[in-house]
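Trainee: I should like to learn how the features of a protein model are read, beginning with a single residue. Could you take me through an example?

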Amino acid sequence: MTDTLLPDTPVGVGAAKTGSGPVAAAVARAAEPPRRRRRRLKEIHVHLLLLAALVVIAVFPTLVATHDPFELDGIPFTSPNGTHFFGTDEIGRDLYSRVVHGLQISLFSATLAVVVALVLGSVVGILSGLRPGSWLDRVLGVGTEAVMAVPAVLLALAVITTYGRGAFVAAIAIGLGEATGFARLVRGVVIQSSTFTFVEAARTCGAGPIRTITRHIVPNVFHPVLSYTALQFGLALLAIGSLSYLGFGEAPPSPEWGVLIAGGQKYLAHAWWVAIIPGLALTAVVVLLNRIAYLLQEDH
Amino acid sequence: MTTTTDTTEPTPLETPATPRSTVVRDVSRVVAGRLVHAALVIYAAYSASFFLLFVLPGDAVLARIGTTDTVGVADISDLDLDVLRDEVGLSDSLWTQYWNGIAGLFRGDLGSSLVNDRAVTDLLAEALPNTLALAGLSLLLSVPLGFLLALLAVNPRSRLVRSFAALVPSAYVSLPVFWIGILFIYLFSITLGWFPSGGSQSASALVLPVAVLALLGAAQFAQVLISSLRTELGTTYASVTAPAKGASRFYTLWHHCLRNAAFPFLAVFGLRVGQLLGGTVVIEVVFSRTGIGRLMVDSVKAVDLTVVLGLVVVLAIVYVVVNMLVDIGYSLLDPRLRRRASTTQEVTS
């Protein structure tokens with residue numbers, strides 16, 4: 001089974017991350033006692049609720065923000081206290097409100113990156129998975145590996161060199177790099193699921209390739225791809241953070257988390273919170289997303 | 001290749017013993033296949049990044065005069081810009097530039113910087129030693145550390161210890177690399193004063209960046225090793241046969257399971273090299289070290305297309321070569337892959 005799931009070359013993101021295969025996990029889960037299953041489902045729901053809360057905060061940051069993120073309404077470098085939960089930065093802006101407003105930029109650019117990666121990766125993966133070994137599969141395989149060969153940060157930097165800095169460009173660049181993983185994964189599951197009996201049956205009944213994909217294969221590959229998406233969402237957040245830390249994402253007055261961390265690093269010696277707290281926020285969101293990815297993978 | 005005499009005795013097993021000459025032939029076939037593939041991948045990476053970088057809406061020649069917009073160039077007439085373009089070869093047609101670049105790649109010549117005319121290979125040679133020291137040391141440390149973490153997460157009898165040790169690597173990979181760097185600077189440099197917070201002169205400045213990257217690599221290796229070791233421990237040979245003959249849990253892990261668990265580890269090792277090179281870019285900026293990362297950031301800021309292209313191509317070559325070696329290592333270790341590779345080649349050729 002793993003043989004069909006693995007790409008031709010034994011090295012691959014899909015192979016490394018989901019190597020043992022969703023089917024193997026499903027077989028292992030079949031014998032799970034109902035009480036444990038219920039507990040795990042509850043855990044998923046709690047995590048999804050947390051994520052929903054984050055999305056609400058991202059859309060309406062003023063709901064929880066206590067100050068204006070750009071207003072200078074405090075003494076510079078006040079340490080965290082009752083009025084300024086996370087303290088203030090070098091010119092007296094409220095760090096808590098800035099972090100809350102920064103969530104919007106981070107979540108939205110990560111969403112853009114993941115959507116680009118998902119769409120591009122699925123198209124490439126399905127095209128190459130339909131007829132494994134065909135010339136199209138080979139060309140797309142070499143192309144995928146060529147993109148993988150360039151480290152994600154460098155690829156994004158190359159795109160930024162051409163199209164200029166900005167959160168939008170950075171997100172699309174990150175999505176481009178992440179598309180390779182999706183392409184590998186989707187190719188693997190498409191090849192695997194086209195060996196299922198019901199897919200062969202559908203073909204025998206005269207279903208064309210498009211119908212076979214949309215009605216029979218996609219519902220089956222949905223789950224592993226969903227879990228992988230959650231994982232890549234976290235990685236996209238980290239990558240976008242790194243890019244804006246390097247100075248290629250949002251420009252400084254913006255409360256994007258990478259920008260906040262880069263700005264705070266200069267004052268690390270006497271005001272640790274300016275750089276450390278936005279990083280904690282970023283870590284918390286990524287941990288949440290990774291946990292969701294893990295739970296979804298287990299759930300299948 | 002030396003000719004080998006067939007010394008293997010006929011075995012009573014059904015499968016015929018593979019003579020060494022076949023092994024050599026199979027492996028060299030794998031090597032040849034991988035070489036062609038690697039060359040194709042590098043060519044594709046070069047072409048893609050060339051067209052990405054050079055078919056651009058802006059004007060690359062502006063990098064030459066140290067600006068990226070037209071605000072400061074009002075006093076320079078179009079004629080001067082054309083002369084400049086001629087000078088750096090940007091006025092040739094795109095295809096001429098492309099073919100010149102490919103030809104240069106074969107000669108080991110990556111062109112020269114648009115900003116200061118220095119050869120890209122010289123710039124790289126200057127930046128590489130620092131980066132290689134950082135990346136190499138952290139990779140070297142992360143392998144034993146990863147194995148140690150994985151054994152800690154699988155071997156102890158206490159369930160609490162095991163689940164805690166399994167949690168550490170998955171938590172660490174969720175942390176932003178640049179933020180860990182800053183955290184380490186705050187803890188070990190500002191608060192405790194043990195190591196310098198940056199720079200690339202002294203050896204002690206290497207400690208913190210190496211620690212950040214080595215831990216990250218170790219965490220990734222441990223994650224893969226833990227899941228494959230758990231699978232191995234569930235198999236019959238480890239859960240029934242080994243205890244039945246009196247082997248301890250650690251003996252079973254060390255002598256039986258680790259070897260089987262090493263295959264997914266190899267795959268991740270190849271991928272890790274690529275990520276490590278990306279990670280060093282960020283870490284070098286955090287710790288203000290000189291190296292590939294600094295060169296990359298500076299040339300992106302200056303829109304120095306040739307240097308960016310050169311860096312992308314060199315790092316792609318490193319990645320491809322490492323992964324090719326990993327693949328060949330696979331086929332040396334696992335005869336099944338070797339045979340499959342040779343049969344697929346026969347089918348296609």
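**From one residue to the whole**

Mentor: When neighbours within four places in sequence are left aside, B:Gln220 is in contact with B:Val173, B:Arg272 and B:Gln275; contact means heavy atoms within 4.5 Å. The model is predicted: local features need pLDDT of at least 70, side-chain atom pairs count only at pLDDT 80 or more, and totals for chains, interfaces and linings use all residues, while side-chain values use heavy atoms and leave out hydrogens and water. Residues are numbered from 1 along each chain as its sequence is written, and chains are lettered from A and ligands numbered from 1 in the order in which they are written.

Trainee: Where does B:Gln220 lie, and does B:Gln220 count as buried or exposed?

Mentor: B:Gln220 lies in helix H7 of chain B, residues 207-234. Helices (H or I, at least four residues) and strands (E, at least two) are DSSP runs numbered from the N terminus. Buried means under 20% relative accessible area, exposed over 50%, and partly exposed in between, with a 1.4 Å probe and protein chains only. B:Gln220 is therefore buried, because its relative accessibility is 17%.

Trainee: How many helices and strands does chain A have?

Mentor: Chain A comprises twelve helices and zero strands. Of its 300 residues, 53% count as buried. Among the contacts in chain A with a separation of 6 or more, 69% are between residues 24 or more positions apart. A:Ala156 serves as an example: A:Ala156 is placed in helix H7 of chain A, and counts as buried because its relative accessibility is 0%. Beyond four places in sequence, A:Ala156 is in contact with A:Ala173, A:Ile174 and A:Leu243.

Trainee: How is a nonpolar core read, and how many residues has the largest one?

Mentor: In soluble globular proteins, nonpolar side chains tend to be buried together. A nonpolar core is a set of buried Ala, Val, Leu, Ile, Met, Phe, Trp, Tyr and Cys residues joined through side-chain atoms within 4.5 Å. Here the largest has 142 residues, and A:Tyr245 and A:Leu246 have the most contacts inside it. Helix H9 of chain B (residues 249-286) provides the largest share of this core, 15 residues. Apart from it lies another core of twelve residues, including A:Val199, A:Ile217, A:Val221 and A:Val225. A:Tyr245 has partners in both chains: not counting residues up to four places away in sequence, those touched include A:Ile261, A:Ala262, B:Phe178 and B:Val282.

Trainee: How is an interface described, and what is the area buried between chain A and chain B?

Mentor: The size of an interface is often given as the accessible area lost when the parts come together. Buried area is that loss, found with a 1.4 Å probe and summed over both parts. Between chain A and chain B about 4200 Å² is buried, with carbon and sulfur atoms giving 77%. In contact there are 44 residues of chain A and 51 residues of chain B. The rule finds three residue pairs in polar contact across this interface, both residues being at pLDDT 80 or more. A polar contact is a pair of N or O atoms within 3.5 Å; within protein, one must be able to donate a hydrogen and the other to accept it, and residues adjacent in sequence count only if both atoms are side-chain atoms.

Trainee: How is a salt bridge read, and how many does the structure hold over all chains?

Mentor: Side chains of opposite charge can pair when their charged atoms come close. A salt bridge is a side-chain nitrogen of Lys or Arg within 4 Å of a carboxyl oxygen of Asp or Glu. The structure holds five over all chains. In one of them A:Glu145 pairs with A:Arg184, with the closest N and O atoms 3.6 Å apart. This pair links distant parts of the chain, since A:Glu145 is in helix H6 and A:Arg184 in helix H8 (residues 167-193) of chain A, 39 residues apart. A:Arg184 is buried because its relative accessible area is 12%. B:Arg34 lies in helix H1 of chain B (residues 20-54) and A:Glu145 in helix H6 of chain A, so that pair joins two chains. The salt bridge between B:Arg34 and A:Glu145 has an N to O distance of 3.9 Å, and both residues are buried.

Trainee: Where do B:Asp298 and B:Arg294 lie?

Mentor: The side chains of B:Asp298 and B:Arg294 meet in a salt bridge at 3.9 Å, N to O. Both lie in helix H10 of chain B (residues 292-301), four residues apart, about one turn of the helix. Elsewhere, salt bridges that share partners join A:Glu145, A:Arg184 and B:Arg34 into one network.

Notes. Buried area = accessible area lost by both parts, 1.4 Å probe.
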